[in-house]
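Let us walk through this model together, beginning with its open spaces, moving on to its helix packing and ending with a few backbone details. Keep the 3D view open as you read.

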Amino acid sequence: MNRLEANLGEIKLKNPIIPASGCAGFGKELAEIYDLSLLGGIALKTTTREPRLGNPMPRVAEVPSGMLNAIGLINPGIEAVVEEELPFLMDKDLVVLASAGGSDFDEYIEVTEKLDNDPSVDIIELNISCPNVKKGCHQFGTNSELAFKLVSKLKEFLKKPLYVKLSPNASNIVEIAKAVERAGADGIVMINTLTGMQIDLKTRKPLLANKTGGMSGPAIKPLAIRMIYEVYEAVSIPIIGCGGITSAEDVIEFMLAGATAVEVGYANFVNPTAAIDIIKDLPKVMDRLKIENLKDIIGGAH
């Protein structure tokens, strides 16, 4: 038996480690560093209908115990992703989560439909939580009625599982989670970044050109753990946890809170092999903590 195996519904991952969307490109970058088949899965950069150049620079800033980013969903657009990026992943032995973004219902429908029809994609990750774009995403992720309506529309035609990435900036993330579950979501990804700001003392202005950015890194881990713990008690669909994971111990903590698998984000920027290092460390940490199988500890803190 594979001690590290994770089940996202009917989809099996050899281990629960997934580089997070926006932190692994479309796979080619990480493939230059290590064998992607060592991963449980990979979450691709969010794709929109048209190419996006992202926000003005500077759009990344280092902060204590993490980073701020206001990248702004830079991507080549859905046509280029389907034609030029996704074929690279066809022969890779891992689960592919393709992230879809949009500014309105029509764009989300068009992007998810094309990703749903691509043979290299296993799961659609619906990004309704990016805080760094002016229109769409965040508006859906902080309004339970809009989130319910969007997921309901997509589930009318999607053949592949739909996992919804939730925003910690919502006033009540549990209500958003319950809404997307009622609408038919197959799973939840949480949490995305928290909105933050850094002031440049020399210019006395916000450091990021966008003024605000998404905070990620170890500083947000306790918030992610708390939110996953609460959502796990409110829904029955799988949760992919993310938010400040840098070690095998962090993975186990997220799973005890209720996560079935995890996405590793910030750590990839500090150490490009972070995800692989965590996978290698997991059996040793499991032995130390007397954990025979990771599946046995999901929600174990409740």
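The largest pocket is a good place to start, and it holds about 600 Å³ of space. Please bear in mind throughout that this is a predicted model. A general remark helps here: rolling a probe the size of a water molecule over the atoms shows where empty space is left.

What lines the largest pocket? Its lining is made up of 36 residues, and those that lie nearest the centre are Ser21, Gly22, Cys23, Asn69 and Thr193. If you colour by secondary structure, you can pick out four elements that each give at least two residues to this lining: the strands β6 (66-69), β8 (123-127) and β16 (261-264), together with helix α9 (267-270). Sorted by class, the lining of the largest pocket has 17 nonpolar, 14 polar and 5 charged residues.

Now turn to the second largest pocket, where the space comes to about 190 Å³. Its lining includes the run Gly22, Cys23, Ala24, Gly25 and Phe26, followed by Glu29 and Leu30. Lys45, Glu85, Asn268, Phe269 and Pro272 also line this second pocket. Gly22 and Cys23 may look familiar, as they are among the residues nearest the centre of the largest pocket and also belong to the lining of the second largest. Helix α9 appears in both places too: at least two of its residues line the largest pocket, and at least two line the second largest, where α1 (28-31) likewise supplies at least two. By class, the second lining divides into 6 nonpolar, 3 polar and 3 charged residues.

Let us leave the pockets and look at how some helices pack. Two packed helices are described by the angle between their axes and the distance between the axes. Take helix α6 (residues 173-182) and helix α7 (residues 221-232), which pack at an angle of about 45° with their axes 9 Å apart. An angle of that kind makes α6 oblique to α7, and the crossing of these two helices is right-handed. Which residues meet here? From α6 come Ile173, Val174 and Ala177, and they meet Met227, Glu230 and Val231 of α7. In this contact 5 residues are nonpolar, none is polar and 1 is charged.

Helix α6 has another partner in α5 (residues 144-155): the axes of α5 and α6 come within 8 Å and cross at roughly 25°. Angles under 35 degrees count as roughly parallel, and α5 and α6 are therefore roughly parallel to each other. Their crossing, too, is right-handed. On the α5 side you will find Ser144, Ala147, Phe148 and Val151, which meet Glu175, Ile176, Ala179, Val180 and Arg182 of α6. The classes in this contact are 6 nonpolar, 1 polar and 2 charged residues.

Finally, zoom in on the backbone. Where do cis peptide bonds occur? One runs from Met57 to Pro58, with omega near 0°, and Pro58 sits in the loop between β4 (41-43) and β5 (60-63). Another joins Met190 and Ile191, with omega about 10°; Ile191 is placed in the loop between β10 (187-190) and β11 (194-196). One more residue deserves a look: Ser65, in the loop between β5 and β6, has a positive phi near 60° although Ser65 is not a glycine.

Notes. Residues numbered from 1 in each chain as written. Predicted model: local features only at pLDDT ≥ 70, side-chain atom pairs only at ≥ 80, totals over all residues. Heavy atoms only, no water. 1 Å grid on protein atoms, 1.4 Å probe; cavity = no way out; pocket = protein on both sides within 12 Å on 5 of 7 lines; lining within 4 Å. Points joined across faces, edges and corners; volume = space filled by probe spheres on them. Nonpolar A, V, L, I, M, F, W, Y, C, P; charged D, E, K, R; others polar. Axes fitted to C-alpha atoms, helices over the stretch in contact; angles between N-to-C directions. Parallel < 35°, antiparallel > 145°, perpendicular 65-115°, else oblique. Left-handed = near helix turned anticlockwise from the far one by under 90°. Contact = heavy atoms within 4.5 Å.
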